[in-house]
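Could you walk me through this model in my viewer, one selection at a time? I would like to know what to pick next and what I will find there.

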Amino acid sequence: MKKSKLELKNFIWNIIGSTAFGFTSLFFMIIVTRINGLDKAGIFTYCFANACIFWTIASYSGRTFQVTESDENIKDTDYFYNRITTGVFSIIAVTVFCLLTKSTAEKFVLSLLLTIYRAIEAIIESMHAVVQRNGELYKAGISLFFRTIILVIAFIVVDLITNNIIVTSGFLIVINLVFLFFIDYNNIKNKFNKSKFDSQINKKLLHLGFSTFLYSFLSIYVSSATKYAINSFTTDDIQAIYGIIIMPASFLSMVSNYLIQPFLNKISSSINNKDKKELNKLLIRLSLGITFVGIMAIVLCYLIGIPILEFVYSTELKEQKVNLLIILAGSIFYSLAILLSSAFIAMRKTMEQLILLIVTALSALIISNQFVKFWGINGASISYLVVMFVEFALHFGTILIILYKKEKK
């Protein structure tokens with residue numbers, strides 16, 4: 001296959017697969033809400049949030065870290081073993097967390113099953129990194145796309161038959177295992193640089209990827225802090241309603257990320273060339289683009305957002321219109337923070353970024369708990385807006401200082 005055709009095929013299938021897979025949580029939430037009701041949907045939302053948090057342990061440094069590995073002594077098999085190790089860590093971590101927070105038996109079992117499901121995803125991701133390194137990213141995209149379809153169909157069928165979200169979630173694990181052994185492993189078995197388990201290399205990978213893991217962990221926590229506050233101070237049906245009205249914000253963040261991705265090379269190039277004017281122009285244009293998309297989303301949701309969500313989820317949401325708009329406003333700040341974060345990465349300002357996230361995470365913990373405790377779901381939406389603004393403001397202020405110092409030099 002010609003290089004240009006292969007690159008196009010890689011691009012198209014990666015977009016299709018990644019986009020489809022990005023909507024799995026949305027599909028699961030719709031299914032649970034319509035089949036099992038609001039209370040069960042609230043439980044599922046909380047437990048899926050747990051699985052996402054502990055998935056950052058399982059995926060650890062992530063696929064990009066593996067794809068860009070330059071140490072010839074570290075093989076793809078080492079990353080595979082490392083993902084098994086971190087996957088076990090994630091299962092232990094969610095177990096300890098549920099015990100410490102005195103979760104109900106249902107929330108404990110469901111959190112555990114969903115974490116195992118996502119831990120297997122982390123192992124599959126290490127296989128996708130292998131095909132990506134070999135220039136065959138389309139295979140990962142195809143796998144993601146068809147796995148998403150099968151996961152969603154199976155979730156609907158099993159939940160309709162059993163009306164049990166625990167049994168249904170257990171089937172997700174089975175499907176992931178089937179894809180791991182019969183699809184994704186077949187894609188790499190002839191390209192896998194096989195090696196025996198080496199505990200020293202495993203420890204080295206844990207050490208090298210720690211800052212990347214911590215950053216991912218804190219990022220997920222910041223966006224999920226309100227869900228933990230809701231679990232502590234309100235009821236499962238409120239958790240479900242919040243999970244519904246925050247979905248459009250998740251979609252907006254994904255669209256914004258698509259806007260940013262094509263310009264990452266230009267951002268990196270302008271930084272490497274010390275072209276401050278070009279960097280400022282790129283950041284301003286992208287910021288305006290993100291803000292425009294966000295405002296359009298707010299206008300659309302003001303006009304038709306609630307009726308659409310009510311139809312999709314079969315749940316009355318008329319009283320949540322203001323909360324929906326507040327959350328969307330928060331999502332604009334979150335998307336702008338992602339843009340600035342990309343600039344931090346290009347500048348290799350890892351420590352500064354980590355410090356900012358630690359401050360944001362602490363703010364999220366305090367603000368979310370206090371707002372939800374006193375104002376319930378209204379406090380949850382306001383706290384989301386405030387926390388996302390804090391994250392944006394910290395990134396914006398810091399990048400101004402960094403650029404000012406560079407100019408002085």
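Start by selecting helix 3 (residues 38-59) together with helix 5 (residues 76-100); in this predicted model, their axes come within 8 Å and cross at roughly 145°. The crossing of helix 3 past helix 5 is right-handed. To see what makes the contact, show side chains: helix 3 contributes Y46, N50, F54, I57, A58 and S59, while helix 5 brings R83, T86, G87, F89, S90, A93, V94 and F97. Colour this contact by class and you will find 8 nonpolar, 5 polar and 1 charged residues.

Next, pick R63 and E125. These two form a salt bridge, with their closest N and O atoms 3.0 Å apart. The pair ties together distant parts of the chain, as R63 sits in helix 4 (residues 62-67) and E125 in helix 6 (residues 105-133), 62 residues apart. If you would like to hunt for others, the model's count is 7 salt bridges.

Now move along to helix 7 (residues 137-162). Its 26 residues reach 37 Å from first C-alpha to last, close to the 38 Å expected at 1.5 Å a residue. Just after helix 7, click on N163: its phi is positive, near 50°.

Finish at helix 10 (residues 210-233), and centre the view on S224. Here you will meet a kink of about 55°. How far apart are the end C-alpha atoms of helix 10? They are 32 Å apart, which agrees with the 34 Å that 24 residues should span at 1.5 Å a residue.

Technical notes:
Residues are numbered from 1 along each chain as its sequence is written. This is a predicted model: local features need pLDDT of at least 70, side-chain atom pairs count only at pLDDT 80 or more; totals for chains, interfaces and linings use all residues. Side-chain values use heavy atoms; hydrogens and water are left out. Axes are lines fitted to C-alpha atoms, for helices over the stretch in contact, and angles run from 0 to 180 degrees between N-to-C directions. Helices (H or I, at least four residues) and strands (E, at least two) are DSSP runs, numbered from the N terminus. A crossing is left-handed if the near helix is turned anticlockwise from the far one by less than a right angle, and right-handed if clockwise. Contact means heavy atoms within 4.5 Å. Ala, Val, Leu, Ile, Met, Phe, Trp, Tyr, Cys and Pro count as nonpolar, Asp, Glu, Lys and Arg as charged, and the others, Gly among them, as polar. The expected span of a helix is 1.5 Å times one less than its number of residues. The bend at a residue is the angle between axes fitted to the seven residues ending there and the seven starting there. A salt bridge is a side-chain nitrogen of Lys or Arg within 4 Å of a carboxyl oxygen of Asp or Glu.
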